Amino acid sequence: MPEFSSPVPLPPIPDDISIPQFIFQPKCMSRPNRPANIPVFVDSATGRALFYDEVRQRTFSLANGLSIKYNIAPKDVVCVFAPNDVGMPFTAFCQPKSNLIADYGSVLCPANPGYTADELKHLVSLTDAKLVITHPSCLNVATAAARDRGIAEDCIILFDSDSAAKYPYTTLSQLMELGRSQLQNYTSVTFKPGEGLTTIAFLSFSSGTTGKPKAVAIPHASVIANTMQQMAHFGIDDPQRRNNRFSPGDIGLGVLPFFHASMEDIYGLVHLHFSVFYGASIVVVPKFSFEDFLNTIIRYKITHLYLVPPQIVLLCKHPAVNGRKFDHVKVCLSGAAPLSGDLMSQLAKIIPNAAIGQGYGMTETGITIGTMPRDRKMGTVGSAGELAPGVRARVVKPDGTLAEEGEHGELVVTGPALPKGYYRNPTATAETFVDGWVYSGDIVYIRNNEVFVVDRIKEIMKVRGFQVAPAELEGQLLQHPDVADACVVGILDEYSGELPLAFVVLSQDALRRVKDDESKTRRLKEALQKHVADTKIYYKHLVGVEFIESIPKSPAGKILRRVLKDQAQRLPPSKAPAKAKL
C-alpha cells in the first residue's frame, strides 16, 4: 500500500503538557539556549524590546488578571480581534484554568481584524465567546458584534495603544498589573496523559469547502507538534545536525497575521511558536505597508522572512526595492499559495544569500505537511516542500486506489496531532476528517518525498493567501432583489493568485431596466459589487460582475463552475475585470 513519509524521525510529542508549559517550561527535547540579551519580541514602530523573563512574567500576570476580573472558566472562549500586536502572543500563551475541572482550559479564538460586524458576529456566535480582546482601530466592529451577541461592554478588552486611554474599557496592561499585584487565582493546567491531544487550545477559522467559515478545533498537542516538526526537520534539536539557518539570535519578520483566520496553512501562528521556542526574535508588524515593510527588514537586519506570494511579487517588481540591499536575509519561506519558478529566480537576485523554499499545510491538518529543504539553497520549482517529520501521506486516485510515486490524486494525510475536526459541525467534520485522516481536496503528486500541488478538487479560491468560498459570495449576491442566480469563480492574477469574479443572472425586472442601456448596466454591476463589499472583508470583494442568461448546471443541479471559469479566461480585454495593482 503506497504511503509516503519523511525519513527524518519525529521525537514523541508530549501529550500531557499545555502550550504555555511547552514554551516556558520545556521538558520534551533539547533546544538551543536563548542568550539573555536576545529579545523575544520587538515592536517594529517603536523598537521596544521584550525579553524572555518579561514575556513569561507578563503572560502569567495576564492569565491571573483574566482569572481575577472575569473568572474565566474551563472551556470559556476568548476572541482576539486585532491586527498583529506585541501584546497578542501573551493572549496566545496564557491559558488560565479553573482548579475545579482539571481536564479543560480556556480557548483562544483569533479573528481577522478586517472582518465586518456580520462576519465577527458569526464567529462569536459559533464559539460563544465570553470576552473580546480588540484594538481601538477595530472597536466599532467589535462593539457592534458584541452588542448583537449580548456580550457586555465590560467584557471588551483593549490592546494598549496611544488612543486606548480615551475609551472606557479595561486594557491588557491594566489586567497584567492586576494579575501581578495579587496572589495567583488559578491553578495551572495539569493534563493527564493524552489530554493534550483532546483539549482545545485554538478555534481557528477556515472557509472549508462551502458556506460560512468553520472553526477548526486545534488541540495543544497540535501546536506543540508543529514546533517539534520544524525542530526535527532542520536539525535544531540535534547538535550534530544543526546548521546556521536557524539559531538563537535570528530575527524573524512578524508581518504574517498571527490571527491567521482563513489562511489555509495557519502560517503566522505556526512560526510564532516555532520562533519563540528555538530562540529567535520576532519583529512584530501590525499592518502590511510595503515601504514600511522594506524599511523594517533593513532597520532590524531581518534574517528570516515568512511571506506569501503577493508580498514576494512586490519584492521582485516594486520600484521601491531598487538600490536596497538585503544581504542579511538568510531564509525566505513562502506559503499559502504556489510560488512560480520565475518568481523564485527573481527573488534569489533580491536576497542573494538566502535559502528560498515553500511550505504547505492547512488549518484542517493543524500540523505542517511540507516544508522547505533543510540543506538546499533553492527549493524545487513547483514543489510545496518536503514532507515534514511525522506526516504520513497517501495520494488517492479517482477510482479510490492509492497512487504510486509521481501519479496524481487527492492528498490525504495524517500526523502526530491532528485537529479534532470542525467545532460544533459534525456533518462537515465527517466529510473532511475520516478515520484519522484529513482529505485535503488538493490534487497532488509526490516525488522524492516532495509534494507538488496540481489542482484543487474543492472550489475554494485563494486570494492573497486567504481562503474564499464561492458559495459564501453567491449567497450574498442572491440576497439582492435584482439577482436571480449567481456563480462566483476565481480568475488568475499575478499579485493576488486569484480574484473572485461573479457571473449573474438578472431578475426579469432588472433585465427590463437595464436593457440596451450601457450606463444603467454599469451602475447595476457596481451596485452588486458594493452589495458584497459592504458585508465582506476586503479580500472577498468581487473584482467584477458579468451578466449572463443562465448558470450552466449538471442534470443534478450542480453548478458547472469549470465552464464559467474557462469563459472568464476568454473575456476580451475590453471586458476583462481590472487586475490587482501593485
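**Y539 and its partner**

I looked up Y539 first: at 2% relative accessibility it counts as buried, where buried means under 20% relative accessible area, exposed over 50% and partly exposed in between, with a 1.4 Å probe and protein chains only. F466 is buried too, with a relative accessible area of 7%.

Note to self: this is a predicted model, with local features needing pLDDT of at least 70, side-chain atom pairs counting only at pLDDT 80 or more, and totals for chains, interfaces and linings using all residues. Residues are numbered from 1 along each chain as its sequence is written, and side-chain values use heavy atoms, with hydrogens and water left out.

**Aromatic pairs**

I then listed ring pairs, taking rings of Phe, Tyr and Trp (its six-membered ring) with centres within 6.5 Å; planes under 30 degrees apart are stacked, over 60 edge-to-face, and the rest tilted. That rule gives 14 aromatic pairs.

How far apart are the ring centres of F274 and Y278, and at what angle are their planes? I get 4.8 Å and 40°, so the pair is tilted. F274 and Y278 are 4 residues apart in helix α8 (residues 267–278), which means about one helical turn between them. For helices I use DSSP runs of H or I with at least four residues, for strands E runs of at least two, numbered from the N terminus. Both F274 and Y278 are buried.

F466 and Y539, by contrast, make a stacked pair, at 4.2 Å centre to centre with 10° between the planes. This pair links distant parts of the chain, 73 residues apart: F466 is in strand β25 (residues 466–468), and Y539 is in the loop between α15 (518–533) and β28 (544–547).

I also traced a cluster in which ring pairs link F234, F246, F274 and Y278.

**Charges over rings**

Here I wanted NZ of Lys or CZ of Arg within 6 Å of the ring centre and within 35 degrees of the ring normal. R31 lies over the face of F277, 4.1 Å from the ring centre. K69 has its charged end over the ring of Y70, 5.7 Å from the centre.

**Helix α7**

I checked the span of α7 (residues 220–233) against the expected one, which is 1.5 Å times one less than the number of residues. Its 14 residues should span 20 Å, and the end C-alpha atoms are 20 Å apart, so the two agree. As for cover, 14 of its 14 residues are buried. Just after α7, G235 has a positive phi of about 75°.

**Strands β16 to β18**

Two strands pair, for my purposes, if DSSP finds at least two bridges between them. Antiparallel β16 (residues 360–361) and β17 (residues 368–371) are joined by 2 bridges. Which residue of β17 is the bridge partner of Y360? It's G370. Their hairpin has 6 residues between the strands, and in it G366 takes a positive phi near 70°.

On to β18 (residues 383–387): 2 bridges join it to β17, again antiparallel. T371 stands opposite E386 there.

**Cysteines**

I searched for disulfides, meaning cysteine sulfur atoms within 2.5 Å of each other, and counted 0. For C155, the closest cysteine sulfur is in C79, 13 Å away and so too far for a bond. C155 is buried at 16% relative accessible area, and C487 is buried at 0%.

**Domains**

Last entry: the assignment, automatic or from a database, gives domain 1 (15–451) and domain 2 (461–570). Taken over C-alpha atoms, their centres are 32 Å apart.
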